[in-house]
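Colleague: I have the model open and would love a close look at a single part, set against the chain as a whole. Could you pick one and walk me through its surroundings?

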Amino acid sequence: SVHINAVANRSASGFSAWLLGQSKKNYDSYGVNMEVCKRENSVIYLEDDYSTKYKDLDESSPESQIFLKLMQNAFREQSLLFAENVCAKMAANGPFSKDLGVLQDNFQVLREASMPAVLLEFGFITNEGDLKQLRNDEAIETIADNLFEAFKAYKKSYDQSVRIGDKEV
């Protein structure tokens, strides 16, 4: 998810990548995500043979909690790899001088994703220097090129990690 940042502090500048994680606002991202998992899994109760097919399912059991937490974090490593690739490309060849790094929060666009997900902030519209870059076609092209190169590096790394037997997929 690609964004432009804005804050009251007009000196704030730079780019960042965000992953799903605990908010600094003491917001329970694990609890919210657990509720999403439970809601998505609730369709099994509509199946005709629910009581026999899922007789051992107990969402309150420690085993179920561990399983649901694993599901919640399934794409974190892939998201982090892509976020790091984007930040590296932007730091090496980007229109913004300040790398704010890879951060975490409980943004809905990340929380609702069922795949690797990263929220990217490219510059601050409230900063004169960043806004100037955001209005520059060459700078926008550089951002797009960096995203493309970061995705290619991520895809290559991901493809090398997926194997069936001794063969790469």
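Modeller: Happy to! Let me begin with a word I will use often: two residues are in contact when heavy atoms of theirs lie within 4.5 Å. Among contacts in the chain between residues at least 6 apart in sequence, 80% join residues at least 24 apart. Please keep in mind that this is a predicted model, where local features need pLDDT of at least 70 and side-chain atom pairs count only at pLDDT 80 or more, while totals for chains, interfaces and linings use all residues. Residues are numbered from 1 along each chain as its sequence is written, and side-chain values use heavy atoms, with hydrogens and water left out.

The chain has 7 helices and 6 strands; these are DSSP runs numbered from the N terminus, with H or I over at least four residues for a helix and E over at least two for a strand. Of its 169 residues, 32% are buried. Here buried means under 20% relative accessible area, exposed means over 50%, and partly exposed is in between, using a 1.4 Å probe and protein chains only.

The part I would pick is helix α4, which covers residues 76-93. The 18 residues of α4 should span 26 Å at 1.5 Å a residue, and its end C-alpha atoms are indeed 26 Å apart; the expected span is 1.5 Å times one less than the number of residues.

Now look at which side chains are hidden. Ser79, Phe82, Ala83, Asn85, Val86, Cys87 and Met90 are the buried residues of α4, and their cover includes strands β2 (15-20), β3 (99-105) and β4 (119-124) as well as helix α7 (137-161). Ser79 counts as buried because its relative accessibility is 6%. Beyond its neighbours within four places in sequence, Ser79 is in contact with Leu19, Pro116, Ala117 and Val118.

From β2, Ala17 makes a good viewpoint. Ala17 is buried, with a relative accessible area of 0%, and its contacts outside four places in sequence include Ala83 and Cys87. Ala17 and Val86 are 69 residues apart in sequence, yet their C-alpha atoms are 7.8 Å apart.

Next comes the largest nonpolar core, which holds 16 residues. A nonpolar core is a set of buried Ala, Val, Leu, Ile, Met, Phe, Trp, Tyr and Cys residues joined through side-chain atoms within 4.5 Å. Phe82, Val86 and Met90 are among the members that touch the most others. β2, α4, β4 and α7 each give two or more residues to this core, and α4 gives the most, with 5. In soluble globular proteins, nonpolar side chains tend to be buried together.

Phe82 leads us on to α7: apart from neighbours within four places in sequence, Phe82 is in contact with Val118, Leu120, Leu147, Ala150, Phe151 and Tyr154. The meeting of α4 and α7 also involves Gln78, Leu81 and Lys89 on the α4 side, with Thr142, Ile143 and Tyr158 among the α7 residues. The two axes come within 8 Å and cross at roughly 140°; axes are lines fitted to C-alpha atoms, for helices over the stretch in contact, and angles run from 0 to 180 degrees between N-to-C directions. α4 and α7 are therefore oblique to each other, given that angles under 35 degrees count as roughly parallel, over 145 as roughly antiparallel, 65 to 115 as roughly perpendicular and the rest as oblique.
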